[in-house]
Amino acid sequence: MSGIGLVLGGGGAKGVYQIGAWKALCEFGYNNYIDIYSGSSIGAINSFLIQTMDWKETANIWLNYNLSKVFFTDGVDLDSLVKTIRMILFGKKVQFDSLFTRDGFVNLFDTIGLENLEGTTLDTYVTVANVTEIPEEERVLKTAMDWYKGRKSGFTQYIHIKKPEANFIKDILLATSAIPIIYPPEKIGDQYYVDGAINDALPIYPLNKRGVNKIIAISCERINPQALKRKYPYSEILLIQPSRYLGNLFNGTLNFDNRKLKDTYYLGYRDVKKAIKKIDIVLSSGCR
């Protein structure tokens with residue numbers, strides 16, 4: 001038995017959908033057969049959450065932790081963010097670094113206990129966009145405009161993590177979640193990175209390249225299953241995606257309202273239960 005790969009896409013606050021889906025996957029026993037992971041942005045963070053703790057603890061982080069303080073600086077509300085984003089997109093200069101900080105992420109990673117993974121063996125890919133070659137004076141605005149216009153920025157890297165070091169995991173998760181406009185590019189060594197979902201929102205590619213042909217892919221956005229099949233014709237992919245639209249940048253990606261999070265969480269749970277009834281790739285793989 002070759003095992004199953006799990007791919008988790010980007011989506012900010014919509015990433016709670018993946019945790020609801022994960023709960024259902026655990027109830028069906030799929031978690032026992034997943035041995036390789038790939039994630040972009042919030043999907044990468046979720047991939048480490050579910051490898052560090054059980055689904056109940058992971059759900060507790062999403063549903064009971066104050067995630068607004070993780071993503072936003074104290075005193076900066078959603079209306080202020082919307083105003084700032086629109087100013088930047090229209091070419092107006094703002095004091096970028098004074099509005100947004102990564103301190104909340106660091107505190108969250110300390111809460112998660114990533115150091116518990118040290119000494120273990122992982123097989124996880126984290127997607128980042130390497131924007132080092134973009135001139136420093138253009139880097140923030142260009143990556144923001146590339147993201148806004150749906151263009152790739154810099155070049156895509158799939159960082160393979162096998163023997164985890166807590167500090168490196170923190171750095172790479174900060175890099176893959178460095179949403180343009182919201183945060184400046186993250187520097188690791190002499191390289192600069194931004195949100196991996198800009199270039200590959202659902203990173204099946206590194207698993208496909210490894211020859212993993214049975215994959216569960218959880219997207220926070222609606223995508224065309226046929227297009228996915230054409231792109232990866234030799235992979236058997238169980239695509240889990242929202243049965244209804246989860247919102248745009250402002251009312252979805254950046255919306256950490258607790259009621260919205262709970263609603264999205266349970267949608268992910270229900271969607272997986274429906275999907276498994278239609279396509280049971282575990283049964284077809286002979287795992288059961």
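Biologist: Which residues does P180 touch, leaving out those up to four places away in sequence?

Modeller: In this predicted model, P180 touches T143, A144, W147, D195 and I198, once residues up to four places away in sequence are set aside.

Biologist: Where is P180 placed?

Modeller: P180 sits in the loop between α9, which covers residues 166-176, and β5, which covers residues 186-188.

Biologist: Is P180 buried or exposed?

Modeller: P180 is buried, because its relative accessible area is 1% and the cut-off for a buried residue is under 20%.

Biologist: How far apart are P180 and R139 in sequence and in space?

Modeller: They are separated by 41 residues in sequence, and their C-alpha atoms are 9.7 Å apart in space.

Biologist: What about α9, then: how many of its residues are buried?

Modeller: Helix α9 is mostly covered, with 8 of its 11 residues buried. The buried residues of α9 are A166, I169, K170, I172, L173, L174, A175 and T176.

Biologist: Let us turn to pockets. How much space lies in the largest pocket?

Modeller: The largest pocket holds about 910 Å³ of space. It is lined by 39 residues, and those closest to its centre are W147, A197, I198, A201 and E221. Two of these names have come up already, since W147 and I198 are among the residues that P180 touches.

Biologist: Which helices and strands supply at least two residues each of that pocket lining?

Modeller: The elements that do so are α5 (78-89), α8 (136-148), β4 (155-161), α11 (225-231) and α12 (249-253).

Biologist: And what is the lining of the largest pocket like by class?

Modeller: The lining of the largest pocket has 19 nonpolar, 13 polar and 7 charged residues.

Biologist: Now for enclosed spaces. How many cavities of 30 Å³ or more does the structure hold?

Modeller: There is 1 cavity of 30 Å³ or more. The space in the largest cavity comes to about 70 Å³.

Biologist: Which residues line the largest cavity?

Modeller: Its lining is made of I42, I45, N46, L49, I61, W62, L67, F71, F105 and L108. By class, these divide into 9 nonpolar residues, 1 polar residue and no charged ones.

Biologist: Where does the largest share of that cavity lining come from?

Modeller: It comes from α2, which supplies 4 residues. Helices α2, α3 (55-64), α4 (67-71) and α7 (103-112) each supply at least two.

Biologist: How many residues of α2 are buried?

Modeller: In α2, 10 of the 11 residues are buried, and the helix is mostly covered. T52 is one of the buried residues of α2.

Biologist: What does the side chain of T52 reach?

Modeller: The T52 side chain reaches the backbone oxygen of F48 at 2.6 Å. Apart from residues up to four places away in sequence, T52 touches I112, G113, L114 and L117.

Biologist: What comes just before α2, between β2 and that helix?

Modeller: A loop lies there, between β2 (34-40) and α2, and S41 is found in it. S41 is buried, because its relative accessibility is 4%, below the 20% cut-off.

Biologist: What is the phi of S41?

Modeller: Phi of S41 is near 55°, which is a positive value in a residue other than glycine. Most residues other than glycine have a negative phi.

Biologist: Back to the cavity. Which helix holds L108?

Modeller: L108 lies in helix α7. At 5% relative accessibility, L108 counts as buried. Leaving aside neighbours within four places in sequence, L108 is in contact with I61, Y65 and V70.

Biologist: How far apart are L108 and Y65?

Modeller: L108 and Y65 are 43 residues apart in sequence, with a C-alpha to C-alpha distance of 9.0 Å.

Biologist: A new topic: how many disulfides does the structure hold?

Modeller: The structure holds 0 disulfides. C26 and C220 can still be described by their burial. C26 is buried at a relative accessible area of 18%, and C220 is buried at 2%.

Biologist: Finally, the whole chain. How many helices and strands does the chain have?

Modeller: The chain has 14 helices and 8 strands. Of its 288 residues, 56% are buried. Among contacts with a separation of 6 or more, 77% are between residues 24 or more positions apart.

Definitions and conventions. Residues are numbered from 1 along each chain as its sequence is written. This is a predicted model: local features need pLDDT of at least 70, side-chain atom pairs count only at pLDDT 80 or more; totals for chains, interfaces and linings use all residues. Side-chain values use heavy atoms; hydrogens and water are left out. A polar contact is a pair of N or O atoms within 3.5 Å; within protein, one must be able to donate a hydrogen and the other to accept it, and residues adjacent in sequence count only if both atoms are side-chain atoms. Contact means heavy atoms within 4.5 Å. Buried means under 20% relative accessible area, exposed over 50%, partly exposed in between (1.4 Å probe, protein chains only). On a 1 Å grid over the protein atoms alone, a cavity is a set of points where a 1.4 Å probe fits but cannot get out, and a pocket is an open set with protein on both sides within 12 Å along at least five of seven lines; lining residues have an atom within 4 Å of a point. Grid points are joined across faces, edges and corners, and a volume is the space filled by probe spheres set on the points. Ala, Val, Leu, Ile, Met, Phe, Trp, Tyr, Cys and Pro count as nonpolar, Asp, Glu, Lys and Arg as charged, and the others, Gly among them, as polar. A disulfide is a pair of cysteine sulfur atoms within 2.5 Å.
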